[in-house]
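Reader: I have some labels to check. Take me through the reasoning behind each one.

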Amino acid sequence: MSERQRVIHQNGADMSTVTGGARTDQAARAAARHALARIGRYVFLCLVLAFFALPLLWLATAPFDDTPTIGVSLPRFTLDNFRTLLDNPYALTSLVNSVWLAGGTALLVVVFAALAAYALSRVRVPGRDALLYGLLLLSSIVTGTATMVPLFELAFRLNLIDSRLGVILVLTGGLLPAAIFILKDFMDATPTSYEESARVFGASPLQIMRHIVVPVVRPGLATVGVWAVANVWGNFLVPFLLLRGPDKAPAAVIMYTLYTEGGQADLRLLSTFSLLYSLPVALMFVFVSSRYGFRFHGGIKR
């Protein structure tokens, strides 16, 4: 090999080394950027988690602190807050009232919405879809706050003021349009061949509804039931306006009384009552998730 060839070969090796080093540096920079991006995502997720977890942590610790504050801190453990709350004659009664209102409203909403959704799904009525979307739109735009004056007048004329039944009927009417809209999709997905087979064997419409349609649309019924309970459980305005006696008031209204005359919150009672107020709904969601979860599906009874 001549001197010139050796020089050319050495220069080519040097260029290969430089190129390989540049590629290694680029790969290292890409790995560093990827690691920083992952760290940034994890930090962002931790901040979001902390944003939602801190109020829950306060709710879990403040009722057991003898001097709770707005901030989250280790509690000085005591059960005196619960004893003080139980001295309030309307504390536990209001929780029972909330259960009655939520359960009664959810039952009526599920039954009436299922019947209406089944009828709208099976009967071909001109303008059916327009009627359904119109009801949903009006129920979304004209909220309960805007209709409280005519609703109060209607309840007054029907002698439903200071009546749990009046509150249940008003709440049911407000939730029905959206519940019908939700259940109609489930009804549309039910094969009509099952119903036709049942009619051949002489089943009545109610028997078809009970033994054929309801088992298939159980996910929709459960969805509407849980949604109705959650809406009624946190509703304040309707029972506050229609119920007069504190012995009939639900927990959402009684919580309003746990403030001083100056408008300052009594954190000891408010945190304790908030914990008790949150437990039934949380247990309901845990029960539904553990009992059904992703295994919640319909089926035909045999």
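Reader: How many aromatic pairs does a search of the whole structure find?

Author: Eight aromatic pairs turn up in this predicted model. One of them joins Phe64 and Phe82.

Reader: Why is the pair of Phe64 and Phe82 called tilted?

Author: The ring centres of Phe64 and Phe82 are 5.3 Å apart, and the planes make 40°. Centres within 6.5 Å make a pair; planes under 30 degrees apart count as stacked and over 60 as edge-to-face. The value of 40° fits neither range, so the pair is tilted.

Reader: What makes this a link between distant parts of the chain?

Author: Phe64 sits in the loop between helix 1 (3–61) and helix 2 (80–86), while Phe82 belongs to helix 2. The two are 18 residues apart. Phe64 and Phe82 also share one aromatic cluster with Phe77.

Reader: Which of the labels buried, partly exposed and exposed fits Phe64, and which fits Phe82?

Author: Buried means under 20% relative accessible area, and exposed means over 50%. Phe64 has 23%, so Phe64 is partly exposed. Phe82 has 18%, so Phe82 is buried.

Reader: Why is the pair of Phe273 and Tyr277 called stacked?

Author: The planes of Phe273 and Tyr277 are 5° apart, and the centres lie at 6.5 Å. Stacked needs planes under 30 degrees apart, and a pair needs centres within 6.5 Å. Therefore Phe273 and Tyr277 count as a stacked pair.

Reader: What separates Phe273 and Tyr277 along helix 12?

Author: About one helical turn, because they are four residues apart in helix 12 (residues 267–291). Phe273 has a relative accessible area of 1%, so Phe273 is buried. Tyr277, at 14%, counts as buried.

Reader: How do you know that helix 3 and helix 9 pack?

Author: Residues of helix 3, including Leu95, Val99 and Ala106, make a contact with residues of helix 9, among them Leu221, Ala228 and Trp233. The axes of helix 3 (residues 91–122) and helix 9 (residues 218–233) are 8 Å apart, at an angle of about 145°. The crossing of helix 3 with helix 9 is right-handed.

Reader: How do the residues of that contact divide into nonpolar, polar and charged?

Author: The contact of helix 3 with helix 9 has 14 nonpolar residues, three polar and no charged. Gly225 is one of the contact residues in helix 9. Gly counts as polar, so Gly225 falls in that group.

Reader: What is notable about phi at Asn159 and Asp162?

Author: Phi is positive at Asn159, about 55°, although Asn159 is not a glycine. Asp162 is not a glycine either, and its phi is about 60°. Asn159 lies in the loop between helix 5 (148–157) and helix 6 (164–188). Asp162 lies in the loop between helix 5 and helix 6.

Reader: Why is Asn159 called exposed, and Asp162 partly exposed?

Author: Asn159 has 67% relative accessible area, and exposed means over 50%, so the label holds. Asp162 has 24%, which falls between 20% and 50%, so Asp162 is partly exposed.

Reader: Where does Gly245 lie, and how far apart are Gly245 and Asp162?

Author: Gly245 is in the loop between helix 10 (237–242) and helix 11 (251–254). Gly245 and Asp162 are 83 residues apart in sequence, yet 6.9 Å apart in space, C-alpha to C-alpha. Gly245 has 16% relative accessibility, so Gly245 counts as buried.

Technical notes
Residues numbered from 1 in each chain as written. Predicted model: local features only at pLDDT ≥ 70, side-chain atom pairs only at ≥ 80, totals over all residues. Heavy atoms only, no water. Phe/Tyr/Trp six-rings, centres within 6.5 Å; stacked < 30°, edge-to-face > 60°. Buried < 20%, exposed > 50% of the residue type's maximum accessible area, 1.4 Å probe, protein only. Axes fitted to C-alpha atoms, helices over the stretch in contact; angles between N-to-C directions. Left-handed = near helix turned anticlockwise from the far one by under 90°. Contact = heavy atoms within 4.5 Å.
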